[in-house]
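Here is a quick tour of a single model, going from its sheet to its cores and then to one loop residue. Have the structure open as you read.

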Amino acid sequence: MADLKGSALVILAEGAEEMEAVITTDVLRRGKVKTVVGGLAGGDAVTCSRYVVVIKPDMNLSNHTRMSGPYDAVILPGGLGGSNNLAKLKRSILQEQEQSGRIIGAICAAPTALHTHGIAKEKIVTSHPSVKDKLDQGYLIIPSCIVRDGNLVTSRGPGTAFEFGIELVHAVRGDDGEAEKLAGPMLIK
C-alpha cells in the first residue's frame, strides 16, 4: 500500500468486541497506517464477545520480545471479556508506550485495562457507561463519543468505532489530510 505513514498494533484478546476490533483495524488500514493485529494469548484464532466472528491475528504477541515494535499507536478494543484479559498483561507494553510518549487508544471497556496498569492517570477519558464507576478514581470522565487528551484516545463503544478509528488515523499521521478523506467514502456523517 502506497503512502503508508506510521504504525499501529491492535491487541486482540479473547472476548474482544468484534466491531471495535474490526472497524478500528479497517479504518486504520484505510487511513494508510501500517496496522498489525496481535493475539494477546498467541497466534490462534480469537473468539470475540458476540460469537459473530473469530479473528486470526497477524502475529502472536506471546513470543515476540519487542512485538516487532515500537509502534506509533497501541490500541485496545473493548468488550468486557477482552478488557478483563487485557488487564492481565504481564509485561505492559502500555507502560512502555506511555513512557515514550506514543499513542494509546482504548474503546468501550478497555480503559479499565489502562486503570489496572496505572496508565494515563489524571487524564480526561471516556468509556462505555457500564464501566464508568471503575474509572472514577484517577481519571476525569466525560460522556463524549471520542476523547483525545494528548497521546491518549478513548471512545465509548461499538457505535463510535468509526470515529475512534478516524481519530487514531489523525493522531498517528498528524495533519496530513488522510483522516479527513475517510468519512466521505465510508458514508459516515
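The backbone of this predicted model features an open sheet of seven strands, ordered 5-2-1-6-7-11-10, with mixed pairing. Strand 5 (59-60) and strand 10 (146-149) sit at the edges with a single partner strand each, so one side of each has no neighbour in the sheet. Strands here are DSSP runs of E, at least two residues, and helices are runs of H or I, at least four residues, both numbered from the N terminus. Two strands count as paired if DSSP finds at least two bridges between them.

A word on bookkeeping: residues are numbered from 1 along each chain as its sequence is written, and side-chain values use heavy atoms, leaving out hydrogens and water. As the model is predicted, local features need pLDDT of at least 70 and side-chain atom pairs pLDDT 80 or more, while totals for chains, interfaces and linings use all residues.

Back in the sheet, strand 1 (residues 7-12) and strand 6 (residues 73-76) run parallel, joined by three bridges. Val-10 faces Ile-75 of strand 6 across this pair. Two helices pack on the sheet, where contact means heavy atoms within 4.5 Å:

| Helix | Strands touched | Angle between directions |
|---|---|---|
| Helix 1 (residues 18-30) | strand 1, strand 2 (34-39), strand 6, strand 7 (103-107) | about 155° with strand 2 |
| Helix 6 (residues 161-173) | strand 1, strand 6, strand 7, strand 10, strand 11 (152-155) | about 180° with strand 7 |

Those angles, on a scale from 0 to 180 degrees, compare N-to-C directions of lines fitted to C-alpha atoms, for helices over the stretch in contact.

Now for the cores. A nonpolar core is a set of buried Ala, Val, Leu, Ile, Met, Phe, Trp, Tyr and Cys residues joined through side-chain atoms within 4.5 Å; buried means under 20% relative accessible area (1.4 Å probe, protein chains only). The largest has 31 residues, and Val-27 and Ile-166 are among those with the most contacts inside it. Helix 6 gives the largest share, seven residues. Leaving out residues up to four places away in sequence, Val-27 touches several residues, including Phe-162, Ile-166 and Met-186.

Finally, Thr-160 lies in the loop between strand 11 and helix 6. Is Thr-160 buried or exposed? Thr-160 is buried, at 8% relative accessible area. Beyond its neighbours within four places in sequence, Thr-160 contacts Ile-107, Cys-145, Ile-146 and Ser-155. The Thr-160 side chain also reaches the backbone oxygen of Gly-157 at 2.8 Å.

Conventions:
Buried means under 20% relative accessible area, exposed over 50%, partly exposed in between (1.4 Å probe, protein chains only). A polar contact is a pair of N or O atoms within 3.5 Å; within protein, one must be able to donate a hydrogen and the other to accept it, and residues adjacent in sequence count only if both atoms are side-chain atoms.
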